[in-house]
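This report describes selected features of a single structure, from surface charge to backbone geometry. The sequence and the three-dimensional structure are shown first.

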Amino acid sequence: MPGSWEGQYIRLERGSLHVTFVFVPHPRALSTVIRLNDLPLPSDRVPAGFYVSINVDSRRRWKSPVRVVSSDEAEVLGDVVTLSLRDIPELSVEIRVSYELGRMLGSGEVVAKLETSWDELLNHDEPFELSFPSVCGDHPSLTLKAVVVHLCDHQDGALYDARVDCEIARDTDAGHAQFAEYTTSKNVSHLNAAVERFQLVLDQCPVSHPDRAAALTNLAWARLIGYARDDLQDIDPTPSLFRKALELRPQPHLDHPLSLYNLAEALNWRHNKKSTAADIRESAQLYHELLPLCPEGTCLRSIAAGAHGVDYVINGCNNLPIDASDEGICLRRVVLELCPLGHQLRPRALVNLSGALESRFTQCGNIDVLDEGIQFGREAVSLCPEGHSDRDHYLNNLALSLIVRFDHQGKPNDLDEAISLHEEALRLCPVGHESRDFALDNLGTALVARFNKRDDIDDITRAVSLYREALTLRPPEHPSRDATLNNLALALKTRYGELDVSEDLNEAIDLYCESLQLKRLDHPARHITLYNLSAALCSRFTQTEENEDVEEAIQLCQEALASLPSLHPDRCRIHLWLQEAYLSRYRLQHNPVDLSLAVENFRLGSRHPSYGFPERIIQAYDWTVAAEQHSHGSALEAYSTFFELLDAHLATRSSATSRREAAAAFHYARSLPVDAASCAIRCDNLRHAVELAEQGRGQQWSLASRLRTPVEDLELANPKLAHSYLELSKRVSNAAQSSATITDRAAVDRAATEYRRLTRQWEAAVAEIRNLRAFSRFLLPPSYEDLQAAARHGPVIILIASQYSCSAIIVPTSGDLHHVPLPSITLADLKTLKDRFTRAIQHASRMNPAETRTDLIVLLRTVWDTIMLPIVNVLEHVLKIKHRSRIWLCPTAAFTSIPLHAAHPFQTKADRSKEPCLEDLYICSYTPTLSALVRSRQLMKKRVPPSFVAIGQGQPGAGKGKALLAVDSELELVHELVPATANHTTISGDAATRAGALQGLEENTWVHLACHGKQDPTQPYNSHFVMRDEHLTLLDIMERDTPHAEFAFLSACHTAVGDEKTPDEVIHLAAGLQFSGFKSVVGTLWGVDDAVAKHIVEAFYTYMFHPKEVGVMDPTKAAWALNRATHAVKTKVPLEQRMVFIHIGV
């Protein structure tokens, strides 16, 4: 060293390795910036960090802190060191990597080394780049700027580290040196030497030694690289070593992330060589934990998140077979989280998770699982736009999931969307495309499903054609040939059921047999072919009566059952075909054992908990039919099962409209409520008849009203639970209303899932309420004891129109029920009577008011003689009901279309006096159900000071009906008749809008509506009152909860006419007002002539508020007032316009 530097110091500052060399006694300063570029990774191993070392002498060195390796091109450092030139004759700098961020074992590996003189450094006035010798083709460099200072100018002294002098550190460094030599020379002797050294170090580090984790890791890495290069054969000890190291470095140990990576890398290598599924699964879990611990920009992050890191793991997991276990689905969720938005592998991760969830659904029947899978399938499709090579694959997967959900829930939109997706997928797979066979097969499946719902023969014909083409693309050696054989057979068997072509059935059986031969005994879909073949053989048995076919059919189903766990959803279908086989044999051989076995399989199938409601509802319906046909004692059980299943099915639908659509899907079962009641009557169980009629008829209203059940008694018994129940009811109701406005299908799915989540919470609250002693039947179908409360103020007559018999049940205020047979009339007679009434009323509307309504008189006399007279005889002579007492009529099925209240003998007695009609004898009201009447009476406890609003719209908008010229005068008339004590308002003209009418309904307890009314027979929730702007619909009214409302007079057409598709539900405007809170409603059965209606209105309110000066407004007087009014206007109003008004409620 030159003598001029004696006693001086050089200060090294480093910005990107800011090193400052400082010399004392020179007063001038020179700063040095060192920039570290192109740091190579030694030994094929990911380091924990790096540091800079300046050798002071043989025993000492200056060492920078260990820093995490960045994936950037340059590392910026900020260390300052002051070195005496007396101690260091020349600059000797090393860049080393460390394999530990925490406590280091040894000195790590040298990446780059540089020796230079002080003169070389101080010859530069500006920062300059000092290059290290090439390392593995890389060129690290330092950008320097130096300053010479006196020590007194800067008091930073160098802190020297003693060189490591312990044996395990020396052996570790020796091992690193041998290993580095191996990675460059590929000489196995160096590998063996490194392994020997590292093993020696590990032997000296017992379990409690602080360096044991580092020793384990060093040995494991040497073995791993040797295995990766095929220089070592046994990899199994390596993951074990890494796993032990990881256990010694739990979170938040500085080296925990690197230890996670090390173990994952070893597992990946073993998976790569041995294809061990367990390794790639564990690796995915490790990466799931690792990546959040690796900051962006670090070298570990860039390597772990790269193609050879997490992408390898994702691809490995994506190639695993679908596993529907908890562990399998958990793995798929982990893999999806490893694929953030924008990741190229995310679509496949989505579709694999979707497939796993669908498989889970087929095992457990949990619809939430399937819904979640469909959401993931939708996202996968959205990430594969037109032109994406895998779009057809993702379209098919989503469509298949929708078909599965359609089978479970029966929602037509799912089926339509699935077919649309399959059609698009097929277009993307033209002739010659490798996936065309899948697209053909899948579309065929969807078309068969649509045929089963809509009976379009073109669908099944096309399905057969598609399957035949698919079969040509799947020759005998094709792995999926068995599936297409099964599907083609199913389509042919389905077509046989429609066209009765025996060639289709025989070919189907042959195809099923071939498919079965191709399936191993452990094939997951073998049971499907078994029960499908069974069904085909059963069909052939009914054709040929060959006993061998039915015996084989039974044996195949039993084999299929034996192959499935007890809760597998497909057991439901197997029970379906078993009962069909037993029933078919019973019909021919009449062995009672076969009938009993058929019933037992009906029972097991319809009650199987993990299969979808639609299929089970159909089985329960078929059970009722079979039990009735063969006079089996299980008929009542079958009816009850049907109603319970249908109620549970409808409860899964969030809106009133969707519930009605779901019920209408079982249109063939619309007579079951009255058939069930008829069955109970024949079994001499009148109480059960009432319960069944109520349960079967009132589902739409009971499901809607369950969220509005009064809880005063519960609030007294358990205020906290009552509050929780009310809050949940409100949230469920809000969710239902918001879901009704959603059109996006993915959003609809999410809303349905959220609705079910809230419903489960609501059901849990209900279950908790039922645990209270006095509330064990809270919201359960009402018992007869509950229903008899409807007759508290007068008997209720339930009129039952069944295919088996027509009759009435009189529910008295007290005492036993009374059955009144109606032998003179049948269901067919009632339907004829309904049509004749329709024609007679239409004819009467064109007649002069003074003309005699002969046709109507004849019909009303028929109603009196065949229906009401036998009932009146019991009321008068058995129950001793006084004349002018109140009675309630509760008609069912075809009875709902007959004006029962207007029944009249139109005869003269011997003394020339008139024979009294029904309304001369009794004050008649109607009720849709007994529960509705009970509920209205309960709400009467909450009376508030009355307020009256008259709403009229005589000038509807264009295209909404003719002008009603008498509306304004009718409103004025009502205003004059309402007591002055009531707060009275009128809404008419431009103010009579949908919003204005709704506000009037919500804010007033008494309502008079004068306008056009329209009953929609196909979609009754769209029935409406015509306002100035928009229609005021039944659904609008139902969504308003007006518990204080009391009375409504509907001076409009068709406000009390039922629903064609679900006639027993009595879904009309008057019933909707009663549901929303109005306890007493006057409605109309057909068109109203507004010119004469005002006479009824005037007479009604005159009686209703008599004496007016007293100002009493009592809604329970409405039936009496209407009765008096129709008598009072006989000379002014023709018969059909007097009959049109009916009273509903209290």
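## Negative surface patch

D455, D456, D458 and E498 together form a negative patch on the surface. Patches consist of residues with over 30% relative accessible area and no salt bridge, with like charges joined within 9 Å. Asp and Glu count as negative, Lys and Arg as positive, and His and the chain ends are not counted. The place of a charge is taken as CG of Asp, CD of Glu, NZ of Lys or CZ of Arg.

Within this patch, E498 belongs to helix 17 (residues 481-499). Its relative accessible area of 41% makes E498 partly exposed; buried means under 20%, exposed over 50%, and partly exposed the range in between (1.4 Å probe, protein chains only). Accessible areas come from the Shrake-Rupley method with a 1.4 Å probe, and for residues only the protein chains shown count as cover. Helices are DSSP runs of H or I with at least four residues, strands are runs of E with at least two, and both are numbered from the N terminus.

## Basis of the model

The model is predicted: local features need pLDDT of at least 70, side-chain atom pairs count only at pLDDT 80 or more, and totals for chains, interfaces and linings use all residues. Residues are numbered from 1 along each chain as its sequence is written, and side-chain values use heavy atoms, with hydrogens and water left out.

## Nonpolar cores

The largest nonpolar core contains 300 residues, and I867, M868, L900, F1025, F1100 and Y1101 touch the most other members. Helix 34 (residues 854-878) supplies the largest share of this core, 12 residues. A second core, separate from it, has 17 residues, including F50, V93, V97 and L114. Such a core is a set of buried Ala, Val, Leu, Ile, Met, Phe, Trp, Tyr and Cys residues joined through side-chain atoms within 4.5 Å.

## Salt bridges

Side chains of opposite charge can pair when their charged atoms come close. The whole structure holds 40 salt bridges, each defined by a side-chain nitrogen of Lys or Arg within 4 Å of a carboxyl oxygen of Asp or Glu. One of them joins R96 to E94, at 2.9 Å from N to O, and both R96 and E94 are buried. D594 and R585 form another, with their closest N and O atoms 2.9 Å apart. D594 is buried at 3% relative accessibility, and R585 is also counted as buried, at 15%.

E637 and R607 likewise meet in a salt bridge, with an N to O distance of 2.9 Å. This pair links distant parts of the chain, 30 residues apart: E637 is in helix 24 (residues 635-651), while R607 is in the loop between helix 22 (592-606) and helix 23 (613-629). E637 is partly exposed at 25% relative accessibility, and R607 is partly exposed at 44%. Elsewhere, D236, R270, K274 and D279 are joined into one network by salt bridges that share partners.

## Backbone geometry

Q251 and P252 are joined by a cis peptide bond, with omega about 15°. P252 is located in the loop between helix 5 (237-247) and helix 6 (256-274).

Positive phi values occur at D684 and F906. D684, which is not a glycine, has phi of about 60° and lies in the loop between helix 26 (672-682) and helix 27 (686-697). With a relative accessible area of 68%, D684 is exposed. F906, also a residue other than glycine, has a positive phi near 45°. F906 occupies the loop between strand 18 (885-891) and helix 35 (918-921), where its relative accessible area of 27% makes F906 partly exposed.

Definitions and conventions. Patch = residues over 30% accessible without salt bridge, like charges linked within 9 Å, V, L, I, M, F, W, Y side chains within 5 Å.
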